[in-house]
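User: Could you take a close look at one helix for me and walk me through how it sits against its surroundings? I'd like one connected account rather than a table.

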Amino acid sequence: MFEKLIKMFIKDADNVSDIKVREKYGTLTGIFGIVLNTILSVLKIVVGIIVGAISVVSDGVNNLSDAGSSLITLVGFKLSGKKPDKKHPFGHGRMEYFAGLLVSLVILIVAVELFIGSLKKVINGETISFESDSVLILTIVILSVSILVKCFMSLFYRYAGKKIKSSAITATSLDSISDCISTAVVLVCTILSLFIKSFAIDGVGGLIVSLFIAYTGVRSVIEILDLLLGQAPDKEFVDKIAKYVLSFDKKIVGVHDLMIHDYGPGRKIIVLHAEVPSNGSIMELHDMIDNLERGIENEFNCMATIHLDPVDTESERVLELKNICRKLAKEIDEQFEIHDFRMNEGTTHANVIFDLLITFDRKESKEEIAEMLKDRIKEYDSKLNAVITVDFPLI
């Protein structure tokens with residue numbers, strides 16, 4: 001259903017890697033939210049003022065903030081679609097993240113205001129009364145329809161957000177879910193107020209609504225801050241890249257230090273190290289790496305920079321010691337891994353040089369872990385001198 005709805009307004013809707021298509025998704029969801037939330041807001045505020053129900057007014061103000069949030073999302077998508085310029089060579093894609101953050105902050109501000117207003121009503125013991133049965137029925141109908149509309153909007157935003165992997169639209173989807181819950185609470189409190197005259201049940205409903213809204217805002221802020229600060233890339237995406245690199249050419253025998261720089265949706269830069277035989281032709285290997293970079297750009301719609309790492313693939317001595325050092329490292333921690341292994345062997349001793357990737361949860365320092373492994377290597381063969389660079393994995 002949502003797919004057909006989207007394709008009515010967006011041509012080539014499945015080409016979500018295209019920045020212009022993403023912008024159209026943002027425009028569609030933004031207009032969708034502005035129109036529906038404004039209608040719901042006006043209806044609730046008017047009815048809430050008539051009956052003096054702060055929970056209903058609060059819910060209406062929440063919808064009004066949702067309309068504003070949709071406007072922010074729309075503007076954010078428009079700005080993120082701007083072309084790169086001299087000051088911003090990687091484009092403006094992160095504006096979408098900032099739009100999502102602004103939406104989340106608006107949600108939190110609304111939550112605080114509603115909480116204060118509802119608390120005052122509880123303290124003052126204010127109750128609500130309906131002038132007529134028709135006003136009561138109208139209030140119940142508006143709240144019930146609002147729940148259905150918000151559920152529909154949440155599912156629509158969820159579909160669109162998942163389709164284009166948008167944090168801003170996903171944040172709006174979460175907000176719509178909390179709106180469904182908060183409006184349901186208001187509806188229950190409205191009905192209970194008919195039977196409970198001595199207690200400000202309406203104010204209690206407003207408090208509950210504000211807490212739901214606050215929870216949604218905090219959750220959304222945390223998720224978007226993770227994107228802005230830089231979080232670990234999706235494992236499935238990383239695995240696809242590694243698999244593509246290793247299957248590109250048989251000369252590539254390993255891949256490591258894969259980094260993904262996120263400058264906004266559709267604007268990722270991939271940096272990685274590819275291990276190749278040290279006895280290969282430098283010109284042929286360089287040409288192969290150039291072709292691989294273009295292949296990654298076409299396959300994953302991102303920029304790619306690859307560092308060429310020559311490794312000895314023929315010396316039995318080097319391969320044997322590499323396997324031994326890997327085994328000794330895994331005796332310390334099964335998740336440890338080594339790469340960039342090379343060796344300088346003299347008459348009295350041999351230097352084994354490599355990078356050791358450790359896990360983030362180890363209590364020891366990098367230096368302490370390096371010494372632990374050096375001691376194990378020295379125990380295995382006193383003539384081996386280990387030169388170890390310790391780092392955390394990038395993939």
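Analyst:
**Helix H11 and the sheet beside it**

H11 has 15 residues, and from its first C-alpha to its last it reaches 21 Å, close to the 21 Å expected at 1.5 Å a residue. Keep in mind that this is a predicted model, so everything below is read off computed coordinates.

Start with what the helix hides. In H11, Ile369, Ala370, Leu373 and Ile377 are buried. They cover an arc of only 100 degrees around the axis, which puts them on the same side of H11. The general rule behind that spacing is simple: an α-helix has 3.6 residues a turn, so residues three or four places apart point the same way. Flip to the other side of H11 and you find Glu367 and Glu379, which are exposed.

So what do the buried residues of H11 pack against? They pack against H10, E5 and E6. That takes us to the sheet.

The sheet is an open one of three strands, in the order E4-E5-E6, with mixed pairing. Strand E4 (337-345) and strand E6 (384-391) stand at the edges, and each has a single partner strand, so one side of each is left without a neighbour in the sheet. From one strand to the next, the twist averages 15 degrees. Strand E5 (residues 350-357) pairs with E6 in the parallel sense over eight bridges. If you want to pick out register in the viewer, Asn351 has Asn385 of E6 as its bridge partner, and Phe354 has Ile388 of E6 as its own.

Two helices pack on this sheet. Helix H10 (residues 316-332) touches E4, E5 and E6, and its direction makes about 135 degrees with that of E4. Helix H11 (residues 366-380) touches E5 and E6, with its direction at about 155 degrees to that of E6.

Now look along E6, where the side chains alternate. Leu384, Ala386, Ile388 and Val390 point to one face and are buried. Asn385, Val387, Thr389 and Asp391 point to the other face and are not buried. Both bridge pairs mentioned above can be placed on this pattern: Asn385, the partner of Asn351, belongs to the set that is not buried, while Ile388, the partner of Phe354, belongs to the buried set.

Next, the charged side chains. The structure holds ten salt bridges, and H11 takes part in some of them, including the two described here. In one, the side chains of Lys366 and Asp391 meet at 3.7 Å, N to O. This pair links distant parts of the chain, with Lys366 in helix H11 and Asp391 in strand E6, 25 residues apart. How accessible are its two ends? Lys366 counts as partly exposed at 30% relative accessibility, and Asp391 counts as partly exposed too, at 39%. So here the helix and the edge strand E6 are joined through charged side chains, as well as through the packing of the buried residues of H11.

The other one stays inside the helix. The side chains of Glu371 and Lys374 meet in a salt bridge of 3.8 Å, N to O. Both residues lie in helix H11, three residues apart, about one turn of the helix. Glu371 is partly exposed, with a relative accessible area of 41%, and Lys374 counts as partly exposed at 28%. Elsewhere, salt bridges that share partners join Arg326, Lys330 and Glu337 into one network.

For contrast, here's a salt bridge outside this part: the side chains of Lys251 and Asp249 meet at 4.0 Å, N to O. Lys251 is partly exposed, with a relative accessible area of 33%, and Asp249 counts as partly exposed at 21%. If you're tabulating these, note that buried means under 20% relative accessible area.

To pull it together: H11 has a buried side made up of residues including Leu373 and Ile377, which packs against H10, E5 and E6. Exposed Glu367 and Glu379 are on the other side. The Lys366 and Asp391 side chains meet in a salt bridge, with one residue in H11 and the other in E6.

Terms used
Residues are numbered from 1 along each chain as its sequence is written. This is a predicted model: local features need pLDDT of at least 70, side-chain atom pairs count only at pLDDT 80 or more; totals for chains, interfaces and linings use all residues. Side-chain values use heavy atoms; hydrogens and water are left out. Two strands pair if DSSP finds at least two bridges between them. Helices (H or I, at least four residues) and strands (E, at least two) are DSSP runs, numbered from the N terminus. Axes are lines fitted to C-alpha atoms, for helices over the stretch in contact, and angles run from 0 to 180 degrees between N-to-C directions. Contact means heavy atoms within 4.5 Å. Buried means under 20% relative accessible area, exposed over 50%, partly exposed in between (1.4 Å probe, protein chains only). The expected span of a helix is 1.5 Å times one less than its number of residues. The arc is that of the directions from the helix axis to the C-beta atoms.
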